[in-house]
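Hi,

Here is the structure I said I would pass on. Have a look at it first, and then read on for what turned up.

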Amino acid sequence: MQSIECPWCGPRDEIEFRYGGQAGVAYPPDPAALSDEEWAGYVFVRDNPRGWFHERWFHAHGCRTWFSIRRHTVTHETEPGPALHGSGRAPSAPGAGEAG
């Protein structure tokens, strides 16, 4: 099983996470102006390198925070990636702010 290091919770088994796709894909500035082909390219076309790749992950069974890592697609080695949303803050406690 692959181990992924959450920036806030430390190393955990991959089963605690959900894959969020390629990191750094910018939302189109004017999506309504895109043709169907351009929109399909934004939604479905992603890099598929052999080697290091920036990915987004969600810690679903932990701190419930999105983060980015670099993962080697052959060896599955991982390195910390840039913080998403420019946040260096610790996440709130799980369940904080939820209506109950």
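In what order do the four strands of the open sheet come, and is the pairing parallel or antiparallel? The order is 3-4-5-6, and the pairing is antiparallel. Strand 3 and strand 6 are the edge strands, each with a partner on one side only. On average, neighbouring strands of this sheet are turned by 40° against each other, ignoring direction. Do keep in mind that what you have is a predicted model.

For the wider picture, the chain has one helix and six strands, and along the sequence they follow the pattern β-β-β-α-β-β-β. Of its 100 residues, 24% count as buried. If you take the contacts with a separation of 6 or more, 48% of them come from residues 24 or more positions apart. The accessible surface is about 7000 Å², and carbon and sulfur atoms hold 52% of that.

Back to the sheet, going across it strand by strand. Strand 3 (residues 18-22) and strand 4 (residues 52-58) are joined antiparallel by four bridges, and Gly21 sits opposite Arg56 of strand 4 there. Strand 4 then pairs with strand 5, again in the antiparallel sense, over seven bridges. Arg56 turns up here too, with Ser68 as its bridge partner in strand 5. Strand 5 and strand 6 also run antiparallel, with three bridges between them; look for Ile69 opposite Pro80 of strand 6.

Now zoom in on Arg71, which is in strand 5. Is Arg71 buried or exposed? Its relative accessibility is 13%, so Arg71 counts as buried, the cut-off being under 20%. Its side chain makes a polar contact of 2.7 Å with the side chain of Glu55. Beyond its neighbours within four places in sequence, Arg71 touches Gln2, Gly51, Trp52, Phe53, Glu55, His76, Glu77 and Thr78.

A little further on is Thr73, in the loop between strand 5 (66-72) and strand 6 (78-80). Thr73 has a relative accessible area of 23% and is therefore partly exposed. Which residues does Thr73 contact, leaving aside its neighbours within four places in sequence? They are Pro49, Arg50, Gly51 and Phe53. With Pro49 there is a specific link: the Thr73 side chain reaches the backbone oxygen of Pro49 at 2.9 Å. Thr73 and Trp52 are 21 residues apart along the chain, and their C-alpha atoms are separated by 6.3 Å.

Last, the cysteines. How many disulfides are there? The count is zero, with a disulfide taken as two cysteine sulfur atoms within 2.5 Å. For Cys6, the nearest cysteine sulfur is that of Cys63, 3.6 Å away, and Cys6 is in no disulfide. Likewise, Cys63 is in no disulfide, and the nearest cysteine sulfur to it is that of Cys6. Cys6 has a relative accessible area of 1%, so it is buried. Cys63 counts as buried as well, at 9% relative accessibility.

That is what I have for now.

Cheers

Methods: Residues are numbered from 1 along each chain as its sequence is written. This is a predicted model: local features need pLDDT of at least 70, side-chain atom pairs count only at pLDDT 80 or more; totals for chains, interfaces and linings use all residues. Side-chain values use heavy atoms; hydrogens and water are left out. Helices (H or I, at least four residues) and strands (E, at least two) are DSSP runs, numbered from the N terminus. Buried means under 20% relative accessible area, exposed over 50%, partly exposed in between (1.4 Å probe, protein chains only). Contact means heavy atoms within 4.5 Å. A polar contact is a pair of N or O atoms within 3.5 Å; within protein, one must be able to donate a hydrogen and the other to accept it, and residues adjacent in sequence count only if both atoms are side-chain atoms. Two strands pair if DSSP finds at least two bridges between them. Axes are lines fitted to C-alpha atoms, for helices over the stretch in contact, and angles run from 0 to 180 degrees between N-to-C directions. Accessible areas come from the Shrake-Rupley method with a 1.4 Å probe; for residues, only the protein chains shown count as cover.
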